[in-house]
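Q: Could you walk me through one part of this protein up close? I'd like to see how a pair of helices meets and what lies beside them.

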Amino acid sequence: MPEKPVDFGFMATGIGSVPFLDVEATCREIADMVPFMPFWPQFVKRSHLEDMSIQYSEGLPLLEVKAEERSLIIPKSDQRETELVKFYEHYLADEVEHFAMSREYAPGFYSLLELIADGEVECGPFVKGQIVGPLTFTAGIKDPKGKPILHDPELSEAMARGLAIKALWQVRKLERSGKRPVIFLDEPYLSGFGSAFSPIQRHEVVDMLRIIIDYLRKNTDVLIGIHCCGNTDWSMVLETGPDIINFDAFDYMDHFLLYEDDIVRFIEGGGAIAWGIVPTSGFRGDESVDDLLLRLEKGLKRISQWGVNADLIAQRSILTPACGMGTMTPDAARAAMGLLSRLCRRCRE
């Protein structure tokens, strides 16, 4: 948690992925729509290199990109130990630049920061980045036998540490903008936690996320969020110690609000809730600010009924889309961002 709790007051931001192709124009639009906390966009329809896992694979050991499948694999190799030793040499020597994201893999990152640096866009006190979470990342990579490396302790730990130092590289670049950096760990895999499809123990989830969170806490003053757009065990997520939790408030409000004691403790301890109140996968186009405000107020009122001060809840609230917008049409994504922007203004008034 930050030493001094932050007053977000219903600032809005985005999750990451967008369906657009024009890099600079999109960054300008984002800065205009969510000026308090602009986020750098991931152009998933522009290149397979901007897939949420491939985008963060540069500098990590043993990985091979399969362009047609938009996936990462660990190919058969007799170099496993050699590659892991090389990786840890870079990691333990704090060679942060070795783990940089190149412009080819993340053009939106570079474009947004250049626009801010050149004074081309005006934005508020924060700038947001994101990185794939270690569970989602390792669950999606198969070893030579076709088994997810999430279940290989040696490889999963190496990848988590690699993502941690990549996140640090990103945060240090974001800091140069003069804005306070915020970074979300995107963990869609956690939406299956507890089901037969997710054979992983609670302590393993906490340990993996803590590798990144603790590393960032030790090395930088960043605000850390965890994003999961489905049903999960929020008490487990909160146990990892993030500053912000981001959930799909449009579809999963009631499930999230089952965790009364954990949520109250989190908010009163300085934590913030990012309400994913604008639908993405189920976006129809006829949603209104009034409709979304009614849904949001339902959650806000429930928490105030638990004894949390209404002003405190407002200070600890951020607004986002329910999930990334990469699967939406460009028109729908623009409409959703417009709704988010108007809802932000309405709540802040």
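A: Here is a look at two helices and the sheet beside them.

This is a predicted model, where local features need pLDDT of at least 70, side-chain atom pairs count only at pLDDT 80 or more, and totals for chains, interfaces and linings use all residues. Residues are numbered from 1 along each chain as its sequence is written, and side-chain values use heavy atoms, with hydrogens and water left out.

Let's start with helix H2 (residues 80-92) and helix H5 (residues 153-175), whose axes come within 11 Å and cross at roughly 30 degrees. Helices (H or I, at least four residues) and strands (E, at least two) are DSSP runs, numbered from the N terminus. Axes are lines fitted to C-alpha atoms, for helices over the stretch in contact, and angles run from 0 to 180 degrees between N-to-C directions. H2 and H5 are therefore roughly parallel (angles under 35 degrees count as that).

Who touches whom? On the H2 side you'll find Leu 84, Phe 87 and Tyr 88, among others, while H5 brings residues including Leu 155, Ala 158 and Ile 165 (contact means heavy atoms within 4.5 Å).

Now the sheet: it's open, with seven strands in the order E1-E11-E10-E9-E8-E7-E6 and parallel pairing (two strands pair if DSSP finds at least two bridges between them). Strand E1 (11-12) and strand E6 (126-132) are at the edges with a single partner strand each, so one side of each has no neighbour in the sheet. H5 packs on this sheet too, touching E6 and strand E7 (180-186), and its direction makes about 160 degrees with that of E6.

Key:
Angles under 35 degrees count as roughly parallel, over 145 as roughly antiparallel, 65 to 115 as roughly perpendicular and the rest as oblique.
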